[in-house]
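Open the model in your viewer and keep the selection box at hand. The tour goes from stop to stop.

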Amino acid sequence: MMLDKPALRAKLRADRDRFAAQSSTAILAPEAFVERLRPGLTIATYCPVGSEADPTQLAAAAATAGCTLALPFVVDRASPIRFLAWQLGEPLVAGPFSLHQPDPTSPEVAPDIILTPLVGFDRRLNRLGQGAGHYDRAFARYENAWRVGIAWSVQEVPAIPADIWDVPLQAIITEEGMLWHAEK
């Protein structure tokens, strides 16, 4: 029996919390990810909240490759997410939902690669997010951006229930490596 999205989110958050509390493992930048990085690309990353998988090593690899970094800027649940330019180590401000965000005066940028935190995922590259639709709307707005989910391997399930508006990912990176479709 497949759980509905709210029940699946609760289960996967608990699994993620347990894993993060018991593990000291990190998300590293897989070679296939690093090979896509080029000077001048804009990579949207994020600051993890709670037990979310931390993309710091991916952001560091992007910065080393000459990419511009950006972080999401969220106003509230209903407003679209914006990506604001940011550099590693730059101070952040507190935002809604326990987010750490760039200064609101930072320039808005259009990402070429979007790293997104996941609550869950499946092998078909379907994702389960927080439920507000921020990243689904960002994926629709930046339809040419490479969509990469970041998660712990324990967040994988056999199937994610997908709604018509859910946009699948093109890759998922966990502590075990990268799952992706090479043709995309």
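Which residues of α4 are buried? Select His-134, Tyr-135, Asp-136, Ala-138 and Phe-139: these are the buried residues of α4. Buried means under 20% relative accessible area, exposed over 50%, and partly exposed in between, with a 1.4 Å probe and protein chains only. Helices (H or I, at least four residues) and strands (E, at least two) are DSSP runs, numbered from the N terminus.

This is a predicted model: local features need pLDDT of at least 70, side-chain atom pairs count only at pLDDT 80 or more, and totals for chains, interfaces and linings use all residues. Residues are numbered from 1 along each chain as its sequence is written, and side-chain values use heavy atoms, with hydrogens and water left out.

**Stop 1: the cover of α4**

Show β2 (68-73), β3 (82-86), β6 (113-117), β8 and β9. They are among what covers the buried residues of α4. Contact here means heavy atoms within 4.5 Å.

**Stop 2: His-134**

Select His-134, in helix α4 (residues 134-141). Its relative accessible area is 10%, so His-134 counts as buried. Now add the backbone oxygen of Asp-76, which lies 3.0 Å from a polar atom of the His-134 side chain. The backbone oxygen of Ser-79 is reached by the same side chain at 3.3 Å. A polar contact is a pair of N or O atoms within 3.5 Å; within protein, one must be able to donate a hydrogen and the other to accept it, and residues adjacent in sequence count only if both atoms are side-chain atoms. Leaving out residues up to four places away in sequence, His-134 also touches others, including Val-74, Ile-81 and Phe-97.

**Stop 3: the rings**

How many aromatic pairs are there? The count comes to five. Select Tyr-135 and Phe-139: the ring centres are 6.2 Å apart and the planes at 50°, so the pair is tilted. Rings of Phe, Tyr and Trp (its six-membered ring) pair if their centres lie within 6.5 Å; planes under 30 degrees apart count as stacked, over 60 as edge-to-face and the rest as tilted. Tyr-135 and Phe-139 are four residues apart in α4, so about one helical turn separates them. Tyr-135 is buried at 11% relative accessible area, and Phe-139 is buried at 2%.

Stay on Phe-139 and add Arg-147, which lies over the ring face at 5.9 Å from the ring centre. A charge sits over a ring if NZ of Lys or CZ of Arg is within 6 Å of the ring centre and within 35 degrees of the ring normal. Next, select Phe-33, Trp-146 and Trp-180, a cluster linked by ring pairs. Arg-36 lies over the face of Trp-146, at 3.8 Å from the ring centre.

**Stop 4: the largest pocket**

The largest pocket has a volume of about 610 Å³. Of its 30 lining residues, those closest to the centre are Gln-130, Gly-131, Ala-132, His-134 and Tyr-135. On a 1 Å grid over the protein atoms alone, a pocket is an open set of points with protein on both sides within 12 Å along at least five of seven lines; lining residues have an atom within 4 Å of a point. Grid points are joined across faces, edges and corners, and a volume is the space filled by probe spheres set on the points. Which element gives the most to this lining? Select α4, which gives three residues.

Methods:
1 Å grid on protein atoms, 1.4 Å probe; cavity = no way out; pocket = protein on both sides within 12 Å on 5 of 7 lines; lining within 4 Å.
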